[in-house]
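Me: I am new to this structure and should like a close look at one part of it: the empty spaces inside and at the surface of the protein. Please describe what surrounds them, and then the parts of the fold that help to place them.

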Amino acid sequence: MKKKAMYSGLAVTTALAVAMTPVAAEAKYDAAIQYVKDEGIAQGLQDGSFGEQLNIKRGDAAVMVAKAARISTEDEVSKAPFTDLAGRSTAAVTALAAKGIVQGKTKTTFAPNEQLKRSEFAMMLVKAYDLPLEEGHTAFTDVSPRLAPYVNALVKAGIASGKTATQFAPDAAITRGELALFLHRAAKHRPEGGQVGGEPTFDLTIMHFNDTHAHLDNAAKRVTAVNEIRSTRDNTLLLDAGDVFSGSLYFNEFKGQADLQFMNMMKVDAMTFGNHEFDLGSTPEGHKALADFVKAAQFPIVSSNVDVSKDPLFEGLFSTKIATDDIQDGHIYKGIVKEIDGEKVGIFGLTTEETADISSPKQIEFSNYIQEAKVMVKEFEKMGIDKVIAVTHIGFDDNPAIDNDQELAKAVPQIDVIVGGHSHTKLDEPVKIGNTLIVQAFQYGENLGVLDVSFDDQGVVKKYKGELIKVADRAEDPEAAKVLAQYSSKIEELKTTPIGAEALEDLTNPRTSDDANDSVRRNETALGNIITDGMLTKARTLDRNGEETIMALQNGGGIRTSIPKGQITIGQVISVLPFTNTLATMHLTGAELKAAFEHSLKEYPQESGGFLHISGGKVQFDSSKPVGQRIISVEYYDKDNNLQPIEDSKTYKLATNAFTAKGGDGYDMFKKAYEEGRVTDLGLSDWENFAEQLKSLKQVNNEREGRIVDIKK
């Protein structure tokens, strides 16, 4: 911003000198043309237009690149190695040649009046901005092996792309508009040695939470952690990347208002919606709890790709503009501009489009995250904002075909920092994609993420350091502890509340036993059956487009205790599944599923925490066979309740808990599916699914059903 001010006078003077009726530029070049004008890199033509469709000459391109990359051209004219240079391009070409950035057509001629080719531009820009070469395969069939590392470097940096998916057109001429566009995109990659000023001028600390899911037992310690950071930093932001709703008794009882009291106490600066903020849409009250949450928030919600306008509960609570000096608490904006120590920071939010399938948004609609991010960045650029933060709930490494933070960083490199959520990823230090930093703090408020960044006067991050502060190590804030006690006492009462189901006999759960027929870690149990039945029922309520979840799986090691005969309480349900796991679906081939059951039974008859309980099917195995060859058959129940064989080559949709779906207990085939984007974490609490299933049954016993059978017994 400061640098732009230095060149504003030059832009005005030039504009007056050529005061004629301007010709409109193509919209896609608007921001880039404004950038090169403001930076004094290039100005308009005599007719007042920029001439973005005109091919650019080699000499003119050298002048623009030298200015954009801040390469000194002083005292270079007398050293000119080429005999055909004249005028203003002489110093620029000579300076670039001295650094090996450009080459002549011959040893003595540069051909400054010839059109610049795309191949020449690629090599020039990579060298001028000191981008690392990217060896290896290129997607472009018309790019030579010599040129490929340069083209790959530009593509990876988000500066240029091909004319088509397979054609880079290396011999095509570059236009003035294209070069302006490329230089604009390259601004964040300007090498430090070429910076004007170059040194950090603005320090900012970004604190962040994500996926707290109403886990409030440590809320008073979170307040302490935030206050400690604020006491040691001058310029701070506290951002929340969503999923405050759903996941504990605190939410069931207080519908987000308990969480909000602590968020207000911590002075959150902005939050974006998570998918679970929309879980109540299908209830008779709809999104009333969410609307009440927004109204009482002492901070704004930023959400650029969520449209709440069709839900009357949000009337008067949202705006389609970017808020600047009139930011209102309890309001939803596309984005906001925060002024901190005289510097302006743009903040906008994104929510996964999967919300439509994994939650209950009803009238609320979601648009493409990359398209909306590009719109927001462009709007911030028009406002002169060169420091941009995206608060996202799209996942760090979720299915790239839908959305995730890494794809966002590649597609929209103008974003400086992505504060992420949704995937519950523990990033102990920032991940850098291009020039974009990505952070995420795991889950349940267990960590306070802290990112210290230093920007130069061009809005480029020059230094950064990130860490996760373990909240449990902090003392409770006294005031927050008093507030928490008011809520937690009510929760303790709830734990003794019957859920509306009765155990007709003890639901046993022996974890070690001399009886080979009686261990949750090697045999079917009634609890395992009820838990997986609840998983399957819940997953099927979210099936879309005719696809049905056929089976559910639960690792025996995750079932922690038994339930005694009598009325079942909430506390007992939570004790059975205490790990606050979430429901996930995954797509596996039949061969992968059979391999999973081989892994499940590899320790048999010894116990294994990875032993899989099952709903929706039947597994037969032969314990006398060698490990890896024990499965005799795997079958599932079709819609007519008939058993059908699992076929190796077919793909099936299954449900399990997120721990198992991500490869827990050594399930490498599940881990592979997760890494390939074939897993969706639905985020639904496992104990709540279990409780719902028990309530639907009303009375349960300890009988088994022959779902997992050893044919040798």
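Reply: **Cavities and pockets**

In this predicted model, 7 cavities of 30 Å³ or more are counted. The largest cavity has a volume of about 70 Å³. Its lining consists of Phe209, Thr212, Leu216, Arg222, Asp240, Val244, Asp259, Phe262, Met263 and Met266. Helix α10, which covers residues 257–266, provides the largest share of this lining, with 4 residues. Sorted by class, the lining of the largest cavity holds 6 nonpolar residues, 1 polar residue and 3 charged residues.

The pockets may be taken next. The largest pocket encloses about 830 Å³ of space. A total of 28 residues line the largest pocket, and those nearest its centre are Leu181, Arg185, Lys374, Ala411 and Gln414. Four helices each supply at least two lining residues: α2 (30–38), α7 (176–186), α13 (369–382) and α14 (405–411). Of the elements that line the largest pocket, α7 gives the most, with 5 residues. The class count for this lining is 13 nonpolar, 5 polar and 10 charged residues.

For the second largest pocket, the volume is about 630 Å³. This pocket is lined by 28 residues, and Asn252, Lys538, Leu684, Glu688 and Glu692 lie nearest its centre. Two or more lining residues come from each of α9 (249–254), α16 (526–541), β26 (679–685) and α21 (686–697). The most, 6 residues, come from α21. By class, the lining of the second largest pocket has 11 nonpolar, 11 polar and 6 charged residues.

One helix of the largest pocket leads on to a sheet. Helix α13, which supplies at least two residues to the lining of the largest pocket, lies across β6, β8 (335–340), β9 and β11. The angle between α13 and β9 is about 165 degrees. These strands belong to an open sheet of 7 strands with mixed pairing, in the order β6-β8-β9-β11-β12-β14-β13. At its edges stand β6 (322–323) and β13, each of which pairs on one side only. Within the sheet, β9 (residues 343–351) and β11 (residues 388–393) pair in the parallel sense over 6 bridges. Opposite Val388 in β11 stands Gly346.

Another strand of the sheet, β12, leads to a residue with a marked backbone angle. His422 is found in the loop between β12 (417–419) and β13 (431–433). Its phi is near 90 degrees, a positive value in a residue other than glycine. His422 has a relative accessibility of 5% and therefore counts as buried, since the limit for that class is under 20%.

A similar backbone feature follows one of the helices of the second largest pocket. Helix α16 gives two or more residues to the lining of that pocket, and Asn545 is found in the loop between α16 and β18 (549–555). The phi of Asn545 is near 55 degrees, likewise positive in a residue other than glycine. Its relative accessibility is 84%, so Asn545 counts as exposed.

One further detail of the backbone concerns a proline. A cis peptide bond, with omega about 10 degrees, joins Tyr604 and Pro605. Pro605 is found in the loop between α18 (590–600) and β21 (612–615).

Terms used: Residues numbered from 1 in each chain as written. Predicted model: local features only at pLDDT ≥ 70, side-chain atom pairs only at ≥ 80, totals over all residues. Heavy atoms only, no water. 1 Å grid on protein atoms, 1.4 Å probe; cavity = no way out; pocket = protein on both sides within 12 Å on 5 of 7 lines; lining within 4 Å. Points joined across faces, edges and corners; volume = space filled by probe spheres on them. Nonpolar A, V, L, I, M, F, W, Y, C, P; charged D, E, K, R; others polar. Buried < 20%, exposed > 50% of the residue type's maximum accessible area, 1.4 Å probe, protein only. Pairing = 2+ DSSP bridges. Contact = heavy atoms within 4.5 Å. Axes fitted to C-alpha atoms, helices over the stretch in contact; angles between N-to-C directions.
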